[in-house]
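Visitor: Could you take me through one part of this model closely, with attention to which residues are buried and what they touch? I would like one connected account rather than a list.

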Amino acid sequence: MARSKKPKIREEFGTYLKNHREKVIKEPNLLKFSYSSNLDNSKLGKIEKGEIDIRFSTLLEIAKTYKLTEKSILGFNFTIEE
């Protein structure tokens, strides 16, 4: 995967998570939402903005926090080819 595509995919993933939090879980407040997570609100905010690259263990915590199944954790469309 081209290095230049990774930030875009991270940003799209973050947008997917934010939309899921606001529209499916119905929690607009990120700070309040972070109380149900082992991740602090600052890190969740950076993930939702696509600002940081995450580890696999963080991905598992995201799945738990955002109540996503293994099939929906990457439930957004993206292309890894150039």
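Guide: This is a predicted model, and its chain averages a pLDDT of 87, with 87% of the residues scoring at least 70. Among the helices, confidence is lowest in helix α4, residues 56-65, at a mean of 90, whereas helix α3, residues 41-48, has the highest value, at 96.

Helix α4 is the part to look at closely. Its buried residues are T58, E61, I62, A63 and T65, and the buried residues of this helix pack against α1, α2 (30-34) and α3.

T65, which lies in helix α4, repays a separate look. T65 counts as buried because its relative accessibility is 3%, and buried means under 20%. Leaving aside residues up to four places away in sequence, T65 touches I25, F33, S36 and S37; with S37 there is also a polar contact, made between the two side chains at 3.0 Å.

Just after α4 the backbone has a feature to note, since K67 takes a positive phi of about 55° there. K67 is also one of the residues touched by H20, the others being I25, Y66 and L68, when residues up to four places away in sequence are not counted. H20 itself belongs to helix α1, residues 5-24, and with a relative accessibility of 13% H20 therefore counts as buried. I25 thus appears in both sets of contacts, being touched by H20 and by T65.

Definitions and conventions:
Residues numbered from 1 in each chain as written. Predicted model: local features only at pLDDT ≥ 70, side-chain atom pairs only at ≥ 80, totals over all residues. Heavy atoms only, no water. pLDDT = per-residue confidence, 0-100. Helix = DSSP H or I, 4+ residues; strand = E, 2+ residues; numbered from the N terminus. Buried < 20%, exposed > 50% of the residue type's maximum accessible area, 1.4 Å probe, protein only. Contact = heavy atoms within 4.5 Å. Polar contact = N/O pair within 3.5 Å; in protein donor to acceptor, adjacent residues only side chain to side chain.
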